[in-house]
Amino acid sequence: MSSPSPSPRSPKRLHSGDWESPVRAAKHHKSDDGKLPEKFKGIKEEAVAVLETLGPPPKRKFGELTHAEDDSYGERTKLIKLDDTTEDEMTRRVKVANWAGMIERRKETATKLSDDQSRMPPALQRGMPNITGVLCYRIALLQALLHIPILVNWLLDFVLPEHCVSDSSDECFACVFRKLAQAYWGGSGRPNQASAVFRTMHNTIKRLGWTESGQADPDEQLLFFFKRMQAELPSSIYSLVESVFVSYWRQTIKCSGCNTTSLTTGQETKHTICLAPRLPSTDIQQYIRRVYREIVPYKCENCHITKPRPKVRLFDLTSDILCLQLSRCDAFGRKINLNLDVPRVLDIGNIINQTNEDCAKYETLAVVQHKGSSMGGHYICSTVGPDGKWKLFDDEMVNNSSWNSAVNPSRGFTPVLLFFRRMHD
């Protein structure tokens, strides 16, 4: 009969020739009085000194998994197909980790774009012709976009002809948009060049499927622009501008009965702020807070009970360019001519997650205003130019303006679409 394997700490094991750590060897060589031989003295102190040299362990980032957790999840995916019915705490943590990784990549991508305004001479600001009589919404939107330096630099530096996927550049919205930016800020001495490119853009947009029966809305046109550029450009090029305009949020709804928390994630290019029903306050920040923190009827995924529960949507990443759409229609389709208090510096710190360390303060960059009813009217745009002075663009007319006129009702016009730029400390 074979003898049992010696204990790892038995004298027989110690003399078997196996390697043993110095600290363990010192422990095993203690004398009867508990003192260590001279050759083992100072080993513990040396180990502590090495750990102090290495410093504290690196701080875990938001959503980061340990190696053990990562291995555990990998083993589980081999045994069971994970879906909504088999989701557990580890599965949810992996989702958060993947989400956090994507947020970090978006932040890194956004740093590749320039906010330089030197390519936008103030003297070249100009109007555009309303060639059909109902294109004021598009003109106002384009004036706002062409006064965003980071967007202009992206168009000029990254939307290059070799990236075009169409047989003709006039069939590609991204290419025509780039040509418009070149003509608008090019300073070639041809004041009508921008108007000619604008006409080409109108025909291109029609061929790409944009239909309008009467006047359209600038917010819908904005989403159409981004959708077309996403389809036409390589993902490596489109992701640059997407990282500047798109914000990413996590939404939680907690059941008070069984303490189950539902977690969903999403993204927004424009943030829709409903003005109905009206609040006692006219502060725009209170209306923003209501959108992202409210009580909603919700059926719990665990106990299947439907009750009003708090919904909280907080942003893990807020875009450098923030676009707010003020929805001014009530339940009966009537326009709400409410005068909101828009501060010079908009602080959205109450709707961002604690893990989001980006600056939450924004300054007003451009405002699209509307006059009329919910069935029609006229759009204009006020923007701050490269020289810091505000201009009012009303189709082909250009006049001096001010921040106060842009954000407050003036001559019957009320703000409907606002663009903000992140302030940097």
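In which sense do strand β3 and β6 pair, and over how many bridges? In this predicted model, strand β3, which spans residues 271–274, pairs with β6 in the parallel sense, and four bridges connect the two. Within this pairing, Ile273 stands opposite Leu326 of β6.

Strand β6 covers residues 321–327, and seven of its seven residues are buried, so the strand is largely enclosed by the rest of the structure. Burial here refers to a relative accessible area under 20%. The side chains of β6 are divided between two directions: Ile321, Cys323, Gln325 and Ser327 point one way, Leu322, Leu324 and Leu326 point the other way, and all are buried. Strand β6 is also joined to strand β12 (residues 414–422), in this case by five bridges, with the two strands running antiparallel. Gln325 of β6 stands opposite Leu417 in β12. The pairing of β6 is thus parallel with β3 and antiparallel with β12.

A further set of strands forms an open sheet. Four strands make up this sheet in the order β2-β1-β5-β4, with antiparallel pairing. Its edges are β2 (261–268) and β4 (293–299), each of which pairs on one side only. From one strand to the next, the twist averages 35°. Helix α12, formed by residues 284–292, packs on the sheet and touches β2, β4 and β5. The direction of α12 makes about 20° with that of β4. Within the sheet, strand β1 (residues 247–254) and strand β5 (residues 306–317) run antiparallel and are joined by six bridges. Tyr248 has Leu317 in β5 as its bridge partner.

Helix packing was examined for α6 and α9. Two packed helices are described by the angle between their axes and by the distance between those axes. Helix α6 (residues 136–145) and helix α9 (residues 193–207) pack at an angle of about 115°, and their axes lie 13 Å apart. The crossing of α6 and α9 is right-handed. On the α6 side, the contact consists of Arg138, Ile139 and Leu142, which meet Phe198, Met201, His202 and Ile205 in α9. By residue class, the contact of α6 with α9 comprises five nonpolar residues, one polar residue and one charged residue. The charged residue is Arg138 of α6, and the polar residue is His202 of α9.

How values were computed:
Residues are numbered from 1 along each chain as its sequence is written. This is a predicted model: local features need pLDDT of at least 70, side-chain atom pairs count only at pLDDT 80 or more; totals for chains, interfaces and linings use all residues. Side-chain values use heavy atoms; hydrogens and water are left out. Axes are lines fitted to C-alpha atoms, for helices over the stretch in contact, and angles run from 0 to 180 degrees between N-to-C directions. A crossing is left-handed if the near helix is turned anticlockwise from the far one by less than a right angle, and right-handed if clockwise. Contact means heavy atoms within 4.5 Å. Two strands pair if DSSP finds at least two bridges between them. Buried means under 20% relative accessible area, exposed over 50%, partly exposed in between (1.4 Å probe, protein chains only).
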